[in-house]
Amino acid sequence: MTAPIPRDIPDLPAIPGIPGFLPSSVPATAVVEPMRRRLATVFRLLVALLAAGAVTIDLVLGSPLRVLSYFTIQSNILLALVMVLAARRAWAARRPLASGLTGAALLYVATTGLVYHLLLANASSPFSMTGDAASPTGWHAVTNFVLHTITPIAAALDWLLLTAPGSLHLRQAAAWLLYPLAYLAFSLARAELLPAGTPARYLYPFLDVELHGYKEVLGNALLIGLSLYALAVLLVALDHVRPNAVRHRAHHRAKTGFRLQPQVG
C-alpha cells in the first residue's frame with residue numbers, strides 16, 4: 001500500500017543553467033611581461049642624433065631661413081622627431097606610434113634620398129646639379145651624405161627590421177601627399193616674394209619657373225607627385241607581405257608557453 005501524494009508540495013525552484021563564458025579581452029601584459037626593446041631604442045636615438053646633428057650643422061654654416069626651406073631639411077627634422085618618440089615607446093614597451101605618422105616620415109625621407117640620387121646628383125638627369133656648382137666639401141659634404149643617404153637608409157632599416165608589419169594602409173597614401181602639395185605651394189610662393197637674382201630663389205631646379213616656366217614646372221611637380229604616390233602604394237604593399245622580424249625575435253626571448261605577445265613599437 002502506497003502513501004498518498006501530498007497536495008501541498010511547493011514548486012521546486014528552477015535549476016539555473018550553466019552560464020556561458022563571456023568574451024574577455026586579456027591584455028598581453030597579463031600573460032607576457034612587457035619587454036624593453038633596447039636595440040630599437042638605441043638605433044632610433046642614433047638615427048635621430050644623426051639627422052638632428054646634420055641639420056644643426058647646416059643651420060650654423062648657412063642661412064637658417066633658407067636652409068629650413070629645403071624639403072631635405074624638413075623631412076629629416078620630421079624623421080628625427082618621430083625616431084625620438086618611437087625610441088621612447090620602445091624603451092617603455094608601449095604601443096607603437098600611429099602608422100600614419102611613421103609611414104609619412106619614412107615616405108618623405110625616402111623621397112629625399114631618391115630625388116637626390118636619381119635627379120639632382122645624377123649627371124644624366126635633366127635636373128642634375130652636378131655641373132652647377134662645385135661638389136660640397138668639408139662639413140657640407142658630411143651633412144649632404146648624412147641627410148640624403150644615411151638617414152633614408154636608416155629609416156628603411158628601422159621599418160624593415162624593427163617595426164611590426166601590416167600597420168600601413170592604402171587610405172593613408174593619399175593623405176601623405178598633402179604635405180608635398182603644401183611644400184610645392186610654399187616653394188613657389190617663396191620664390192615670388194624674393195627678388196630676382198636672389199641665391200637659391202628656386203630651391204630645386206625642377207621648380208625653377210624662370211628657367212622652365214610655370215607650365216613645365218607644374219608638369220614636373222605632377223610627375224613627381226604621381227611617383228611619390230606610387231612609392232607610397234609600394235610601401236603599403238610591401239608592409240603587408242614582408243616577414244615579421246619583430247615577432248620572431250620576441251618569440252625567442254619569451255619564457256612562457258603562451259603565444260600572446262605584447263604589442264611593441
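Two residues are in contact when heavy atoms of theirs lie within 4.5 Å. With that in hand, S125 is a handy place to start in this predicted model. Leaving aside residues up to four places away in sequence, S125 touches L118 and L119. S125 itself sits in the loop between α4 (99-120) and α5 (138-161). Although it belongs to a loop, S125 has a relative accessible area of 10%, and it counts as buried because the cut-off for that is under 20%. Its side chain also reaches the backbone nitrogen of F127, at 3.1 Å.

Now for the overall picture. The protein chain has nine helices and zero strands, so read from the N terminus the list of elements is simply α-α-α-α-α-α-α-α-α. Of its 265 residues, 36% count as buried. Among contacts with a separation of 6 or more, 75% come from residues 24 or more positions apart. As for the outside, the chain exposes about 16400 Å², and carbon and sulfur atoms supply 69% of that area.

Next come the aromatic rings. A pair of such rings is described by the distance of the centres and the angle of the planes. Searching the whole structure turns up eight aromatic pairs. One of them joins F127 and F206, with 5.9 Å from centre to centre and 80 degrees between the planes, which makes the pair edge-to-face. This pair links distant parts of the chain: F127 lies in the loop between α4 and α5, while F206 lies in the loop between α7 (178-193) and α8 (209-239), 79 residues apart. Both partners are buried, F127 at 12% relative accessibility and F206 at 8%.

Another pair is made by Y183 and F186. Here the ring centres are 5.9 Å apart and the planes meet at 50 degrees, so the pair is tilted. Y183 and F186 are three residues apart in helix α7, which means about one helical turn separates them. Their surroundings are not alike: Y183 is buried, with a relative accessible area of 7%, whereas F186 counts as partly exposed at 36%. Together with F71, Y108 and Y179, these two residues form one aromatic cluster.

What about the nonpolar interior? In soluble globular proteins, nonpolar side chains tend to be buried together. In this chain the largest nonpolar core has 51 residues, and the members that touch the most other members are L79, L107, W176, Y204 and F206. The elements giving two or more residues to this core are α1 (38-61), α3 (71-91), α4, α5, α6 (170-176), α7 and α8. The biggest share comes from α4, with 10 residues. L79, one of the well-connected members, touches V47, A105, V109, T151 and A155, again not counting residues up to four places away in sequence. F206 turns up here too, having already appeared as the ring partner of F127.

Finally, a word on confidence. The mean pLDDT of the protein chain is 86, and 78% of its residues reach 70 or more. Over residues 254-262, however, the pLDDT is below 50, and this stretch has 14 contacts in the model beyond near neighbours in sequence. Where pLDDT is low, the predicted coordinates should not be read in detail.

Definitions and conventions: Residues numbered from 1 in each chain as written. Heavy atoms only, no water. Helix = DSSP H or I, 4+ residues; strand = E, 2+ residues; numbered from the N terminus. Buried < 20%, exposed > 50% of the residue type's maximum accessible area, 1.4 Å probe, protein only. Areas by Shrake-Rupley, 256 points an atom, 1.4 Å probe, with all protein chains shown as cover. Polar contact = N/O pair within 3.5 Å; in protein donor to acceptor, adjacent residues only side chain to side chain. Phe/Tyr/Trp six-rings, centres within 6.5 Å; stacked < 30°, edge-to-face > 60°. Core = buried A, V, L, I, M, F, W, Y, C linked by side-chain atoms within 4.5 Å. pLDDT = per-residue confidence, 0-100.
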